[in-house]
Amino acid sequence: MSRRGFTLIEMLLATVLAAVLMTAVLLALSGLSRDRAAMAAADPHHIRGAADLIEWDLRYAHTATAGAEDVVVELVGNNGIVRGTLTPDGRLVRVTYRRAGNALWRQQEYLDDPARPERWQEQAAGDFRTLSLQPPPGDFATVLPARLSFDLATEKEAERREVLR
């Protein structure tokens, strides 16, 4: 008896194997994308990563207040990101941008679980000079406007971005 074609078991096995391989490839590619974003944001001498973080935080913040002393601005909203991967988690957080020496630091603290605030901070920009918001935070301490812009400057670079919320 000659055998022509594949059996149903062989076809199912090939389909499952192809699905597993495709999943592995997609996971590897998404990991590379996350790593690239994390490296760009973690480079303290590259302003684009810092500007991306600030833009994200402003886009999903509900309120902002001007800082005192070393605090540049404090934002509260659903703009939480996971430490390490910098992927959004949408949790309620307080994000504080503060000046320490010549660096700009981003500190995040979860507000939706008071028992586990999971505070962490990272350097957003090195050789930091200024971060200014338009309109200034004193004008929107309760609710952020739908459109605002910010200027970020280091010793070597400057970037201006407009944020639509």
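A hairpin of three residues links strand β7 to strand β8. Strands here are DSSP runs of E with at least two residues, helices are runs of H or I with at least four, and both are numbered from the N terminus. The model is predicted, so local features need pLDDT of at least 70, side-chain atom pairs count only at pLDDT 80 or more, and totals for chains, interfaces and linings use all residues. Residues are numbered from 1 along each chain as its sequence is written, and side-chain values use heavy atoms, with hydrogens and water left out.

## The sheet

Strands of a sheet pair through backbone hydrogen bonds, either parallel or antiparallel. Which order do the three strands of the open sheet take? The order is β6-β7-β8, with antiparallel pairing. β6 and β8 are the edge strands, each with a single partner, so one side of each has no neighbour in the sheet. On average, neighbouring strands are turned by 15° against each other, direction ignored. Angles run from 0 to 180 degrees between N-to-C directions, and axes are lines fitted to C-alpha atoms, for helices over the stretch in contact.

Two strands count as paired if DSSP finds at least two bridges between them. β6 (residues 128–134) and β7 share six bridges. β7 and β8 (residues 158–164) share seven. F150 has the bridge partner L133, and F150 also has the bridge partner R161 in β8. A153 is matched with A158 in β8.

β7 spans residues 147–154, and six of its eight residues are buried. Buried means under 20% relative accessible area, exposed means over 50%, and partly exposed lies in between (1.4 Å probe, protein chains only).

## The helices

Helix α2 covers residues 47–60. How far apart are its end C-alpha atoms? They are 20 Å apart, which agrees with the span expected for 14 residues at 1.5 Å a residue. The expected span is 1.5 Å times one less than the number of residues. Buried residues of α2 include I47, A50, L53, I54 and L58. An α-helix has 3.6 residues a turn, so residues three or four places apart point the same way.

S30 belongs to helix α1 (residues 8–42). A polar atom of the S30 side chain lies 3.0 Å from the backbone oxygen of L27. S30 is partly exposed, at 29% relative accessibility.

## Salt bridges

Side chains of opposite charge can pair when their charged atoms come close. A salt bridge puts a side-chain nitrogen of Lys or Arg within 4 Å of a carboxyl oxygen of Asp or Glu. The structure holds 14 of them. The table gives three, including N to O distances.

| Pair | Closest N to O |
|---|---|
| R91 and D112 | 2.9 Å |
| D151 and R160 | 2.7 Å |
| R161 and E159 | 2.6 Å |

R91 sits in the loop between β2 (71–77) and β3 (93–100), and D112 in the loop between β4 (103–110) and β5 (120–125), so their pair ties together parts 21 residues apart in sequence. R91 is partly exposed at 23%, and D112 is partly exposed at 39%.

Is R160 buried or exposed? R160 is exposed, at 53%. Its partner D151 is partly exposed, at 24%. R161 is buried at 13%, and E159 is buried at 17%. E159 and R161 also belong to a network of salt bridges with D52, E55 and R59.

Methods: Polar contact = N/O pair within 3.5 Å; in protein donor to acceptor, adjacent residues only side chain to side chain.
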